[in-house]
There are 2 protein chains.
Amino acid sequence: MSLATDAADKPTLYKRIRADIEKRILTGEWPPGYRIPFEHELVARYGCSRMTVNKALSELAQADLIERRRRAGSFVRRPQHQSAVLKIADMRAEITALGRTYGYELIGRKLRATTAADRERLGVKKAGKVVAITCRHSADNVPFAVEDRLIDLSSVPDAASADFSREPPGSWLLHHVPWTEAEHTISAIVADDRTAEALDIAVGAPCLVIERYTWRSARTITAVRLLYPGDSHRLVARFKGG
Amino acid sequence: MSLATDAADKPTLYKRIRADIEKRILTGEWPPGYRIPFEHELVARYGCSRMTVNKALSELAQADLIERRRRAGSFVRRPQHQSAVLKIADMRAEITALGRTYGYELIGRKLRATTAADRERLGVKKAGKVVAITCRHSADNVPFAVEDRLIDLSSVPDAASADFSREPPGSWLLHHVPWTEAEHTISAIVADDRTAEALDIAVGAPCLVIERYTWRSARTITAVRLLYPGDSHRLVARFKGG
DNA sequence: TTGACTTATATGTCTAGACATATAATCGTA
DNA sequence: TACGATTATATGTCTAGACATATAAGTCAA
């Protein structure tokens, strides 16, 4: 039998404190600029030690919900519209999540010495070798996106002998490269002849372009350009999702 | 005089521990799946208490760099390309950051009862009133983006009497609404006659579209649609930026 | 009024313990 | 061999202290 008020002893104390404060901020009860109770006040309110409330507040500060200032206290921060978590899912995951059948097709693969354009695109200076891959992802046999990728072989030598006819280079890399950082650039273009044909859309139709440049501790790994039919595809980014 | 190895006693111990581990992960020295030393081993290595290494590891877990499993240990996670922090800056900040002069111009403002299309766009069911705003942001007097916005007056009644002829609705809202969540959708279109004229580009030129839907604890606040010339504007998202 | 100095205080970090809990590994039994 | 019970252990949370440090606020002199 549980107590009358339903003890709900599931979450730990520091998480409850964090959730309590987060709720007051998100509902507007504690607006931006509001000084939330001092640690010693929360200690008294929750009847716990300072380290416990400190952990709750530290996590809120890490999430940019509050700002902590020595001697002054902790303050609710202004919402920051400008920052959003953009999910760029793995192509297969993205398509299967839509309940559609994922399809992959290798269009071209070439191993070559870097051209000046390749070096420009990869952001490297020295000459070297790359694998250039063109492939297409489809959903229910309808073109979903075309991919145009360069892999720097000086960083990922194994890619020279990898078989990309069945496995998309993106997932291959995900399993063969230990850790990476990436930069994304998003823009819009209209389809030229080749793009239109590859995506099975009209010439002049809008396309969304995502360019991703990936590296690991200052070493370039890959540069990829993804072209989506612009009117069908949508990227959804949710801010401050709990 | 500092010691030979350069003591560098600036950062606190837990931050040093966190940075040490992060570095090994990022350089690939500890690849995905690698079991990082147990807490008690790190305690021995750094000569500190368990709470200190626990704080370092907890933050790495929060940042999704490692995964912690009871009784098993802590493991380096696989890199997660699919998540990137997309910065959608405030328009003025974005333009001034480029070293250009920001300009704002109100094109139209209308207070009206919601149409079915408005309700669809705002995701509300009940009838009500909205302010519909169209405006233009420019950089060095060149059109930079056009904005088309609805504000739900049942959530933000003050917006009815706000003066949007000088202040963009985005910054007005930022100062009048306590805290919000948002969802962004990005797509591409080609400019129709009106868009082409507003952005001073050719009909049929590509445009990048960002739609943002904002709410506060389940209450709709605003829906905004931003149109950028697609070949000039770029959104940059950086993943796992230190 | 202004600037320099002092003080009070809230947060930042850390310790040396404690018990809770999930679970990998082992052991025992059918 | 397969499965259920037991045990060992790494992490999860928490405490009651401690000292460090940045800084808001007050004090005092020029």
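Which residues come nearest to DNA strand C? Of the 24 residues around this strand, A:Arg50, A:Arg68, A:Arg71, B:Leu13 and B:Thr52 come nearest, where a residue is near a molecule or strand if one of its heavy atoms lies within 4 Å of it. The model is predicted, with local features needing pLDDT of at least 70, side-chain atom pairs counting only at pLDDT 80 or more, and totals for chains, interfaces and linings using all residues. Residues are numbered from 1 along each chain as its sequence is written, chains are lettered from A and ligands numbered from 1 in the order in which they are written, and side-chain values use heavy atoms, with hydrogens and water left out.

**View 1. The protein surface near DNA strand C draws on both chains.** In chain A, α2 (39-46), α3 (50-62), β2 (66-69) and β3 (73-76), and in chain B, α1 (13-26) and α3 (50-62), each supply at least two residues; helices (H or I, at least four residues) and strands (E, at least two) are DSSP runs, numbered from the N terminus. The largest share, four residues, comes from α3(B). By residue class, this surface holds six nonpolar, seven polar and 11 charged residues, with Ala, Val, Leu, Ile, Met, Phe, Trp, Tyr, Cys and Pro counted as nonpolar, Asp, Glu, Lys and Arg as charged, and the others, Gly among them, as polar.

**View 2. Polar atoms of both chains approach DNA strand C.** A polar side-chain atom of A:Arg70 lies 2.8 Å from a sugar or linking oxygen of the strand, and a polar backbone atom of B:Ser49 is 2.8 Å from a phosphate oxygen. A base is also reached, since one of its nitrogens is 3.0 Å from an N or O atom in the side chain of B:Arg71. Of the atoms of DNA strand C within 4 Å of the protein, 66% belong to sugar or phosphate and the rest to bases.

**View 3. DNA strand D is surrounded by 24 residues.** The closest are A:Leu13, A:Thr52, B:Met51, B:Arg68 and B:Arg71, and α3(A) provides the largest share of the surface near this strand, with four residues. Phosphate oxygens of DNA strand D lie 3.2 Å from an N or O atom in the side chain of A:Lys15 and 3.0 Å from a polar backbone atom of B:Glu39, while a polar side-chain atom of B:Arg70 is 2.9 Å from a sugar or linking oxygen. Of the strand's atoms within 4 Å of the protein, 65% belong to sugar or phosphate and the rest to bases.

**View 4. Strand β7 (residues 142-152) of chain A is largely enclosed by the rest of the structure, because nine of its 11 residues are buried.** Buried means under 20% relative accessible area (1.4 Å probe, protein chains only). Strand β6 (residues 129-139) of chain A is joined to β7(A) by 10 bridges in the antiparallel sense, and A:Arg136 has A:Val146 as its bridge partner; two strands pair if DSSP finds at least two bridges between them. In the hairpin of these strands, which has two residues between them, A:Asp140 takes a positive phi near 50°.

**View 5. Strand β10 (residues 219-229) of chain B is mostly covered, with nine of its 11 residues buried.** Six bridges join β7 (residues 142-152) of chain B to β10(B) in an antiparallel arrangement, and 10 antiparallel bridges join β9 (residues 206-216) of chain B to β10(B). B:Val224 is the bridge partner of B:Arg149 and also of B:Arg212.

Notes: A polar contact is a pair of N or O atoms within 3.5 Å; within protein, one must be able to donate a hydrogen and the other to accept it, and residues adjacent in sequence count only if both atoms are side-chain atoms. Buried means under 20% relative accessible area, exposed over 50%, partly exposed in between (1.4 Å probe, protein chains only).
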